[in-house]
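User: Can you walk me through this one? I'd like to practise reading helices and sheets.

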Amino acid sequence: MFRQMTTYGRFAFGLRRFLGEPATAERGRALIQQRLRDRNSDFLALVKGAVYSSGRGPYVPLLRMAGCEYADLERMVRSHGIEPTLERLRAEGVYITIDEFKCRYPIVRGTTTVECTPNDFDNPFLTAGLQASSSGSRSPGTVTTLSLERVGYVAFCQAVAYSAHGLLGRPVLLWMPTLPSAAGMVLLLELSKMGVPPVRWFSPVASSAIRPALSKRLATLYVVYAGRLLGASIPAPEYVGGDQVHVVLASLRQILEAGHGCVVHCSPSSAARLAHEARTEGVTLTDVTFVTGGEPLTPAKAAEIGAVGAHAVGLYASTEVGTIGFGCAGSATACDDIHVLESSHAVIQYERSTPFGGGPVQSLLFTSFHDRAAKILLNVESGDYGVLESRECGCEFGSLGLKRHLHSIRSFDKLTGEGMTFVGTDLVRIIEEVLPQQFGGTSIDYQMVETEGVGGRTRLDVLVSPDVGTVDEDAVVRQVLQQLARGSDTNRMMAEMWREKNVLRVKRERPHLTAGGKLLPLHIMKTTRG
Ligand SMILES: [Zn+2]
C-alpha cells in the first residue's frame with residue numbers, strides 16, 4: 001500500500017510535466033523524424049542495456065545459442081539494418097511465439113530450453129507507472145506498466161495522425177473501457193496532452209462486471225481528479241451497456257450540433273453498433289470519424305460505418321506491444337491499412353502453422369525499441385497475421401519516411417479455442433456478412449461461442465442476437481456448417497464431424513464482450529476449473 005502511494009506520488013509529479021508539454025502535430029513530425037534518424041542506435045542501446053547487460057529474461061540464452069554476442073548484433077545492424085538482422089535472428093531461433101510469450105509453454109530451441117514467467121519480459125528501466133492488464137482469451141492476462149513518457153511519445157504521433165486525417169480541432173468522444181484495460185486510459189492521457197480531452201468518456205464495460213481490484217478503480221479516478229487539479233478538463237468514465245447505445249448517439253448528436261464534426265475513439269464493433277443505431281433513428285453521421293482499435297476493422301464493419309456517412313480509421317495497438325501503427329490517410333490498400341510506427345517498432349513476418357490443423361499464416365513478429373516500452377520485445381509474436389508491405393501512399397506519415405504498411409490484420413490466436421481452430425476458415429466473413437445477409441441483422445449480431453459442456457465435451461453455440469427477430473435455427477446451423485466446410489479437406493472433415501455430433505447449437509443471446517470490452521467472432525467461455 002505504501003509502495004502504491006509512493007507510485008501515485010511520483011505519477012502525480014510526472015502528470016504535471018506530461019500535461020505541461022502539449023503534443024502538437026508539428027513537434028510530433030519532428031520527433032518521428034528524429035527517432036527514424038536515431039533508429040539503429042536506439043535499438044542497439046535498448047538491447048545492450050535491457051538484454052545483454054541486465055542478463056535477465058529469455059533473450060540472452062537464445063542469442064547465445066545463435067552465437068550472437070552484442071558486438072555481432074551491432075555489426076549486423078550497422079551494416080544491414082534492423083529488419084534484416086531480425087530476420088536472420090529469427091531463422092537462428094531468436095523469437096518468441098505467442099504461446100511462449102503468454103507462458104503457456106517453455107521456450108524450446110534444439111537442446112536449449114528456457115522457462116520463463118510473464119515478468120521476465122518486463123522492461124527493467126520502468127519502475128513506476130499505472131498497471132494495466134490485457135484480456136487473455138486462453139490464459140491469464142499479462143500485467144503491463146504504463147509509462148507517461150511512453151504515452152507522451154504516442155500522443156505526439158497521434159497528433160500527426162489527427163493532422164494527416166484532417167481531424168485537428170474537432171471535439172472528441174471516448175468509448176473505451178477503464179483500467180485494468182489500458183486502452184481507455186492511454187487514450188484519455190494522449191488526448192489530454194493533445195489539448196483535446198474527450199467531451200465524455202463512455203466505458204462499454206462496467207467496473208462491477210470486470211471486478212478490477214479496488215486499486216485499479218481508484219487509479220482511474222485518481223488520474224481523472226489529478227488531471228483536473230492540473231487544469232485539464234478530464235471527464236470521469238460513464239458506463240454504457242450494450243442496450244444503451246442511444247446514450248452515446250445522443251451525446252454525439254449534441255456535439256455535432258456545434259458544426260465542428262466529431263472524432264469517436266472506440267472499437268470497430270462499437271462503431272458499427274452506433275452506425276446501426278443512427279440508421280434506425282434516421283440520422284446521418286457526416287463529419288464523424290471513428291478511430292477504431294482493439295479488434296480488426298473488417299470490410300463489413302467499415303461498410304456499415306460508411307453507410308451512415310461516417311468514416312473509420314484504424315489504430316493498431318496492443319497492451320503488450322503498445323501503439324504499433326496509425327491508419328493511412330493516402331491511397332490505402334485495405335480499410336485497415338496502417339503505417340507501422342517504425343520510429344519505435346520493427347515488424348517482420350514468418351510463415352508458421354497454426355494449432356488443430358488451421359494451416360499456415362504469415363505471423364507478425366514485433367520488436368519494440370522505445371526505452372519506456374512496457375515489455376522488452378525482440379521478435380515476439382502477438383498472435384496476429386496480416387499483409388506487410390513497403391510502398392508510397394502520399395499521406396503525411398509516408399512523407400515523414402514511414403513506408404511500411406500493414407493491412408488485413410487478423411488474429412490466429414483469437415480464432416483458436418481450447419480444442420479447435422477457425423484459422424483457415426472464413427469465420428469472420430460468415431459471422432459478419434453471410435449470416436446477416438441471409439437471416440437479417442448486422443455484423444455485430446452473431447458470434448461463435450466455445451464452451452466446455454458436461455464431461456469436458458466442447459460445445460459450440462452460434463449466438464444470434466434477439467434484435468435479429470425470428471430465425472430458422474436449423475437453417476442457421478446448416479448455413480454455418482456449409483460455409484465452414486468450404487476450402488480445405490480439413491475444413492470439410494471438421495464440419496462433417498460437427499454435423500454428426502451435433503456440436504453446433506443456436507442460442508438467442510447478444511454476443512459477449514471480453515473482459516477488455518472486445519467483441520470477437522469467436523468467444524471462449526472460460527471454464528471455472530483450474
Ligand atoms: Zn499513408
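Analyst: Sure! One term to start: two strands count as paired if DSSP finds at least two bridges between them. Keep in mind that this is a predicted model.

User: Which residue in E16 does Glu389 stand opposite?
Analyst: Start with the strands: E15 covers residues 380-390 and E16 covers residues 404-411. They run antiparallel, with six bridges joining them. Across from Glu389, the residue in E16 is His405.

User: Which strands stand at the edges of the sheet, and why is one side of each left without a neighbour?
Analyst: The sheet is open and mixed, with twelve strands in the order E7-E6-E5-E8-E9-E10-E11-E12-E16-E15-E14-E13. Each edge strand has a single partner strand, so one side has no neighbour in the sheet. Those edge strands are E7 (237-239) and E13 (345-354).

User: What does the twist average from one strand to the next?
Analyst: Picture stepping along that twelve-strand order. From each strand to the next, the twist averages 35°.

User: At about what angle does H6 run to E13?
Analyst: Helix H6 takes in residues 82-91. It lies across E13, E14 (359-368) and E16. Relative to E13, H6 runs at about 30°.

User: How many of the residues of H9 are buried?
Analyst: Buried means under 20% relative accessible area. H9 spans residues 182-193, twelve in total. Those that pass include Ala182, Met185 and Lys193. H9 is mostly covered, and its buried count is eleven.

User: What phi does Gly195 take?
Analyst: Gly195 comes just after H9. Its phi is positive, at about 80°.

How values were computed:
Residues are numbered from 1 along each chain as its sequence is written. This is a predicted model: local features need pLDDT of at least 70, side-chain atom pairs count only at pLDDT 80 or more; totals for chains, interfaces and linings use all residues. Side-chain values use heavy atoms; hydrogens and water are left out. Helices (H or I, at least four residues) and strands (E, at least two) are DSSP runs, numbered from the N terminus. The expected span of a helix is 1.5 Å times one less than its number of residues. Buried means under 20% relative accessible area, exposed over 50%, partly exposed in between (1.4 Å probe, protein chains only). Axes are lines fitted to C-alpha atoms, for helices over the stretch in contact, and angles run from 0 to 180 degrees between N-to-C directions. Contact means heavy atoms within 4.5 Å.
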